[in-house]
Amino acid sequence: MVAETTLSVDDLIAPLFIREGIDEPQPIDSLPGVAQHTLDSAMAEARELRDLGIPAVLLFGVPAEKDDVGSGAWDPEGIVQVALQRMKAEFGDTLVLIADLCVDEYTTHGHCGIVDADGNVDNDATVANYQRIAVAQATAGADIVAPSGMMDGQVGAIRAALDLAGFETTSILAYAAKYASSFYGPFRDAVDVTIADGGDRKGYQQDPRNGREAMSEIRADIAEGADIIMVKPAMAYLDIILRARLETDLPIAAYHVSGEYAMLKAAEANGWIDGDAAALESLIAIKRAGADMILTYLARSVAETLTNHRPAITGGPRAITSAKPELTRGIGG
Ligand code: PBG
């Protein structure tokens with residue numbers, strides 16, 4: 001009765017990796033329980049997630065071929081566009097489709113943009129390609145596009161491109177405060193990305209030492225038309241989530257990233273922590289800090305815990321918060 005924070009299935013967004021040209025789902029060693037899906041297995045997984053009450057999925061593509069600019073990201077036949085079309089046709093408005101909008105999975109060098117002759121990412125040329133991706137994803141059925149490349153001006157440019165193409169109602173989930181983090185390691189296995197020449201993303205992602213800078217990134221994205229803003233990673237950046245909450249009334253998303261998930265799973269596998277309890281505690285903490293929704297590889301297992309009324313550290317009748325779909329469905333986050 002006096003609990004200040006609740007976690008419900010409605011808060012969860014499940015990332016899905018879809019790989020072109022495979023016949024069987026491929027497990028990802030550094031993300032136990034997560035797989036690279038075939039189109040068919042992604043459809044089945046999305047259906048089960050939807051039936052568990054998870055409101056949204058976030059799609060990442062792993063193309064069969066990469067090139068210098070990442071053109072597979074906006075190819076109408078690209079893996080994510082094909083998946084979006086199938087999911088929209090199959091699930092209609094019963095599952096929110098979010099498309100990660102970036103090129104790193106599609107480029108040979110693994111950067112989130114076009115690399116110039118000096119080896120730097122060309123911000124403005126990259127943003128023009130992000131506009132093409134946004135329109136391709138919206139055309140294919142994305143309800144929300146989620147630009148994750150951290151280029152300056154990306155949100156405004158994408159909003160303009162979507163509006164021009166008649167997609168005024170397609171929303172933007174902006175990776176607004178995204179840090180250059182070591183916690184993305186397992187994700188890069190999941191999408192087969194190695195950044196060329198031992199490079200990193202410090203030229204475009206944020207310095208973990210900076211908090212005020214995150215606020216200015218968030219303010220810029222809001223001014224450019226973001227509908228939801230995101231802080232990423234989550235657990236090491238709870239202060240940023242709280243500051244974001246104090247800054248804006250827009251919905252706030254937090255990404256509990258691959259390395260955060262992998263640490264939990266590794267400790268659980270060694271018998272060092274109670275994995276289910278630690279998972280719930282982590283997600284509750286992220287909500288307590290001020291997040292409205294959480295992107296997490298735990299989505300499926302936590303949804304199962306919540307709907308099966310299994311006991312967990314927070315105790316009490318959490319099932320009640322997750323078992324009122326008529327009231328909450330459709331209102332969102
Ligand atoms: C970039 C992107 C990344 C993640 C989501 N979108 C990787 C990066 O910036 O290097 C990381 C997600 C995770 O670690 O779970 N397309």
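How far is a nitrogen atom of the ligand from an N or O atom in the side chain of Lys232? The distance is 3.4 Å. The legends below, for a predicted model, take up this contact and its surroundings.

**Figure 1. The whole protein in the predicted model.** The protein has 12 helices and 10 strands. Its C-alpha trace spans about 60 × 45 × 45 Å along the principal axes. For 333 residues, a compact globule would have a radius of gyration near 20 Å, and the protein has 19 Å, so the value agrees with that of such a globule.

**Figure 2. The ligand in the largest cavity.** The ligand sits in this cavity of the protein. Two elements each give two or more residues to the shell around the ligand: the strand β7 (171-178) and the helix α5 (185-190). Sorted by class, the shell has 9 nonpolar, 7 charged and 3 polar residues.

**Figure 3. The residues that come nearest to the ligand.** There are 19 residues around the ligand. Those that come nearest are Lys178, Arg188, Lys232, Ser258 and Tyr297. The next legend gives distances for Lys178, Arg188 and Lys232.

**Figure 4. Polar side-chain atoms of Lys178, Arg188 and Lys232 beside the ligand.** An oxygen atom of the ligand lies 2.7 Å from a polar side-chain atom of Lys178. In the side chain of Arg188, an N or O atom is 2.6 Å from an oxygen atom of the ligand. For Lys232, the ligand atom is a nitrogen, and the distance to an N or O atom of the side chain is 3.4 Å. The ligand taken alone exposes 410 Å², and the protein buries 100% of that area.

**Figure 5. The cis peptide bond from Lys232 to Pro233.** Lys232 is also one of the residues that come nearest to the ligand. The peptide bond that leads from Lys232 to Pro233 is cis, and its omega is near -10°. Most peptide bonds are trans. Pro233 is found in the loop between β8 (228-232) and α7 (238-247).

**Figure 6. The backbone at Met150, with a positive phi.** The phi of Met150 is near 60°. Most residues other than glycine have a negative phi. Met150 has its place in the loop between the strand β6 (144-147) and the helix α4 (154-164).

Terms used. Residues numbered from 1 in each chain as written. Predicted model: local features only at pLDDT ≥ 70, side-chain atom pairs only at ≥ 80, totals over all residues. Heavy atoms only, no water. Near = heavy atom within 4 Å. Polar contact = N/O pair within 3.5 Å; in protein donor to acceptor, adjacent residues only side chain to side chain. Areas by Shrake-Rupley, 256 points an atom, 1.4 Å probe, with all protein chains shown as cover. 1 Å grid on protein atoms, 1.4 Å probe; cavity = no way out; pocket = protein on both sides within 12 Å on 5 of 7 lines; lining within 4 Å. Sits in = over half its atoms within 2 Å of the grid points. Helix = DSSP H or I, 4+ residues; strand = E, 2+ residues; numbered from the N terminus. Nonpolar A, V, L, I, M, F, W, Y, C, P; charged D, E, K, R; others polar. Rg over C-alpha atoms; globule rule 2.2 N^0.38 Å.
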